[in-house]
Amino acid sequence: MIKKLLSVEFLKIKRKGFWFLTFLGPFGVIALQMVNYGVRKDYLLQQSENDWQYYLANVSSFTPLAIVLGIAILTSFLTSIESETNAWKQLIALPVSKWSVYLAKFTVLAFLLVVSSLLLMVFTFGFGLFLGLGSDIPYNSILTLSLYPVVAALPVLALQLWIATVSKNQGIPITTGIMGVIFAYSAYVLPDWMIWKWPTLRNEWGDPIINVLLGLGVGFLLYIAGMLDFARRDVK
Amino acid sequence: MVGILRSEWLKLRKSKILPIIFVGPLIGLFIGLTYNMDLLEGVANDWYIALMGMNFTYALLFLPLITGVLASVICRYEHQAGGWKQLLAMPVTRGKVFISKYALVMLLVMVIQLLYLASVYTVGMIKGFTTPFPIDIVWKSIFGGWVATLPLVALQLWMSMLFKSFAAPFAVNVIFTLPTILAINSETYGPYYPWGQPFMMMYIGGKEGDVFFIPWDQLLLVVGGSFVLFFLCGYIYFQRKAV
């Protein structure tokens, strides 16, 4: 059942701009650095001894913002396919359980995010090579800084999907997305328990893997909560 | 015209707009209370330090992004179940509908700005600032930020009429707003970036003699120019939109 629902969801997102947005997120993050390094490369190279790490720090200052906003856009977009045309009723009337519908939506979104983080990894590596930042390429850091933030952002995804599926007015999930990006942008003043801080990979122990594990655990809990709430509600 | 405005107001009142409006001052309070003022202690007046820190995040990201949400909310009723057809079947001109919707969004932005002003004052009271409230500077910043959103709202209203979903106009907004973080660092290109203007107009470090914190030619060229462009495009699009 899940397999069929997934192919239905993937069919629904065809030719609507989902794949384009998935590409645009990581491309935009690197494009900003293309402009940044294009305008003042000499100045930026002087800023640090380790050009690769400085470049990665520049890239990853935008990654959490792009992820949080991207999640808000994609979740609202995916649920609006049903809520705009009042098609929830028709979808739920099919011989499928509500929790599997929710799982299919979540899986599609998580898949799109993973694709975009893989693209980010490729773009980061490619533009870094193009800049010629030295032969000492930090493969490990590129891998962590591209893949960890998305996993750490799973609670944000679960929360936004929950809000987007239960609100009739899509202005609400978009607004919570904006609040999320303000939190992610001010992450350095936030306490460690706030989920919007996690994609920045900061924490008081200085170990990014904690954010990844928290992301998986809390993401799962918030997903279950959202799914139970969705299954309990009346579909109008 | 008054009739259209009143009907728009009625639709808006039923649109759950209040939670969205109150996010503005809440974000203001959040930034203001978490902002670490010790770094600049003694360098300037308490109010100035607080305003610098609060306006930074508020004007850079929050204000441009929330204008897009308001523009989408105001088109929500019409996008549902053929509302455009019903609205335009009435004896109203499309131009007047467009202008009414635009005016109402700008009014909402003004309300958010005023609530933000209240949150600035609240932050000062909570932190116990003793120096007098610099009302002239604050007005300049609040009103300037509002003026700077004129072109942004015009573009977002156009996008909201073009797309049925909330996500698409918001994506457009995000694509233009995020680069502001970089653009304002550049002295050469920053002043020409329309999405950077709310920040420039609210940044209290600017020139104090003028009416606003940015020079008049920049205001007229960038804010005025992009306003005319976006407003006309949206206006013409709406005239030709098939409903």
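These are my notes on a predicted model with chains A and B.

**Entry 1: confidence**

I looked at the scores before anything else. The predictor gives the complex an ipTM of 0.90 and a pTM of 0.92. For chain B, I read a mean pLDDT of 88, with 94% of its residues at 70 or more. Then I asked myself which elements of chain B have the lowest and the highest mean pLDDT. Helix α4 (residues 76–79) of chain B sits at the bottom with 87, and α8(B) is at the top with 95. A reminder to myself for any weak spots: where pLDDT is low, the coordinates should not be read in detail.

**Entry 2: overall fold of chain A**

I went through the secondary structure of chain A and found 10 helices and 0 strands. Along the sequence the pattern is just α-α-α-α-α-α-α-α-α-α. I also checked the radius of gyration of chain A: 19 Å, close to the 18 Å from the globule rule for 236 residues, so chain A is as compact as a globular protein of that length. Its C-alpha trace spans about 60 × 40 × 30 Å along the principal axes.

How much of chain A is buried? I get 44% of the 236 residues, counting a residue as buried when 20 or more other C-beta atoms lie within 10 Å of its own. I then took the contacts in chain A between residues at least 6 apart in sequence, and 81% of them join residues at least 24 apart.

**Entry 3: annotated segments**

Next I pulled the UniProt record. Its unreviewed entry puts "transmembrane region" at residues 20–39, 59–81, 102–130, 142–164, 171–189 and 209–231 of chain A. I picked two of these segments to hold against the model. Residues 102–130 of chain A come out 100% helix and 0% strand, with the end C-alpha atoms 42 Å apart. Residues 171–189 of chain A are 79% helix and 0% strand, and there the end C-alpha atoms are 27 Å apart.

**Entry 4: where the chains meet**

Last, I turned to the contact between the chains. Chain B puts in 29 residues and chain A puts in 25. On the chain B side, the elements giving two or more residues are α2 (18–34), α3 (46–74) and α8 (167–177). Which element of chain B supplies the largest share of that side? That is α3(B), with 8 residues. I sorted the chain B residues that touch chain A by type and got 19 nonpolar, 7 polar and 3 charged. One link back to my confidence check: α8(B), listed here among the contributors, is also the element of chain B with the highest mean pLDDT.

Methods. Residues numbered from 1 in each chain as written. Chains lettered and ligands numbered in written order. Predicted model: local features only at pLDDT ≥ 70, side-chain atom pairs only at ≥ 80, totals over all residues. UniProt positions renumbered as here; feature names shortened; annotations may be inferred. Helix = DSSP H or I, 4+ residues; strand = E, 2+ residues; numbered from the N terminus. Contact = placed C-beta atoms within 7 Å. Nonpolar A, V, L, I, M, F, W, Y, C, P; charged D, E, K, R; others polar. pLDDT = per-residue confidence, 0-100. Rg over C-alpha atoms; globule rule 2.2 N^0.38 Å. Buried ≥ 20, exposed ≤ 12 C-beta atoms within 10 Å, placed from the backbone.
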